[in-house]
Amino acid sequence: MAIAKPVVIYPYTEEDFEYTELTPTYRADLRNATNQGLDKFINANLVSDWSQLTWKDVGKPYEVKNFSKDRLEWETEHQQTMPVKTSWEYFNKAFHELFITDVPVELSAKKKALKKSFKQFDFKEVKSGIGDLVQLSLWNYAHRIEDGVWDPRGKRALFERLDVKNPRILFLGAAEGYEAMQLHAMYPGGEVVMVDYDEFCKTDRFGKFPTTYPFLGSNPQTGSPKVWYKDQMNITYLVEDIRNLEFGKEFDIVLSVGLLEHVPDQHKPEILDMHRRFVKPNGYMIMTTPRNQFKSRMYYRVMAEIMNHTYRELMDIRQMGLYVYEHGFDIVRHGYIKVHNGIVARER
């Protein structure tokens, strides 16, 4: 007897264009389906001639130096600096816990617990409860209300008008893979290869990414806007150190998100060479990094226990672009969106 396959129910269709909704864990945003008025979502092309820009003009990135308690305790216990891979494993688990939190329910629970601690004059719990409530409230604002982490309209503006058809897309340090899925929706028909050396990213961050999340993209038959979902996409996820990949220059797009800022200057050429190594001639390299702005500095201060396990810098777009330009790429598009800098480049 054949076993019936479960019916997949997709909550949003093309009839829901211009609609946005807050779910308990994220914002679903189907606004601006035709990707018009891009200047509303990206401040682009701020530098007219990269060859004339110098480090004296732009200064160096801001280094985030306050580490999480978990990292400091690990280093005290082991009497050594936390290895990079271990720091990413700690970060990925902590960050994922935020993504899967039912924020309204958890906010209500934390407020009740805090009120109880006040009544019992348990000031140690009061202090801890206030910290937890502030962190979750900030996450709620940054991720659900403002949609600054995924920022679909900003990312789509950054990724617009690429000269590709059925592209092969390589995502280095993929985590949950959001940006590659957005690219795949906009330029369907090819494939995505995601790579991360923390297996938790494959099993949990990507594996448990909500199948109900809508990506605005294109219908390859009509060219009209279309809603895509994760399980409609052609994705392979590899658990591997990106330095060990055996691919050649075979990808139309090589992508990284929040990678360049996690190494000091002496290692940035290696990160950029990883993109060059795998991109086809005349293919695209796409990178984003967190912006150096007051809101971002405060975010990493308040969220240190969850976010600050690894080396991290905050850059402005000129600093990011200068790294890219000086290491052999011509910049096709650059700008900043809500909380990220973004660059689309080609090998020079």
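In this predicted model, His 334 stands opposite Ile 343, a residue of strand S14. That pairing offers a starting point for a walk through the strands around S14. His 334 falls within strand S13, which covers residues 329–336 and pairs with S14 in the antiparallel sense over seven bridges. The connection between S13 and S14 is a hairpin of three residues.

Strand S14 itself comprises residues 340–347 and is mostly covered, with seven of its eight residues buried. Another partner of S14 is strand S11, formed by residues 279–290; S11 and S14 run antiparallel and are joined by six bridges. Here Ile 343 appears again, since Met 287 has Ile 343 as its bridge partner in S14. Ile 343 is thus a point of reference for both pairings: His 334 stands opposite Ile 343, and Met 287 is bridged to Ile 343.

A further hairpin is built from strands S7 and S8. Strand S7 spans residues 215–218, and its side chains alternate: Phe 215 and Gly 217 point one way, Leu 216 and Ser 218 the other way, and all are buried. Strand S8, residues 225–228, runs antiparallel to S7 and is joined to S7 by four bridges. Within this pair, Leu 216 stands opposite Val 227 of S8. Six residues lie between the two strands of the hairpin, and Gly 223 takes a positive phi near 80°.

Leu 216 also leads to another part of the chain, as one of the residues touched by Asn 32. Asn 32 lies in the loop between strand S2 (27–29) and strand S3 (43–44). Is this loop residue buried or exposed? Asn 32 has a relative accessible area of 11%, and because the limit for a buried residue is under 20%, Asn 32 counts as buried. Apart from Leu 216, and leaving aside residues up to four places away in sequence, Asn 32 touches Glu 18, Phe 41, Arg 153 and Arg 156.

The helices complete the tour. Helix H3, residues 84–99, has 16 residues and reaches 22 Å from its first C-alpha to its last, close to the 22 Å expected at 1.5 Å a residue. Its buried residues include Trp 88, Phe 91, Asn 92, Phe 95 and Phe 99. An α-helix has 3.6 residues a turn, so residues three or four places apart point the same way.

Helix H5 takes in residues 123–145, with Ile 145 among them. Ile 145 is partly exposed, at a relative accessible area of 33%. Together with Leu 22 and Tyr 141, Ile 145 forms a nonpolar patch on the surface, with about 250 Å² of accessible area in total.

Definitions and conventions: Residues are numbered from 1 along each chain as its sequence is written. This is a predicted model: local features need pLDDT of at least 70, side-chain atom pairs count only at pLDDT 80 or more; totals for chains, interfaces and linings use all residues. Side-chain values use heavy atoms; hydrogens and water are left out. Buried means under 20% relative accessible area, exposed over 50%, partly exposed in between (1.4 Å probe, protein chains only). Two strands pair if DSSP finds at least two bridges between them. Patches are made of residues with over 30% relative accessible area and no salt bridge: like charges are joined within 9 Å, nonpolar side chains (Val, Leu, Ile, Met, Phe, Trp, Tyr) within 5 Å. Accessible areas come from the Shrake-Rupley method with a 1.4 Å probe; for residues, only the protein chains shown count as cover. A salt bridge is a side-chain nitrogen of Lys or Arg within 4 Å of a carboxyl oxygen of Asp or Glu. The expected span of a helix is 1.5 Å times one less than its number of residues. Contact means heavy atoms within 4.5 Å.
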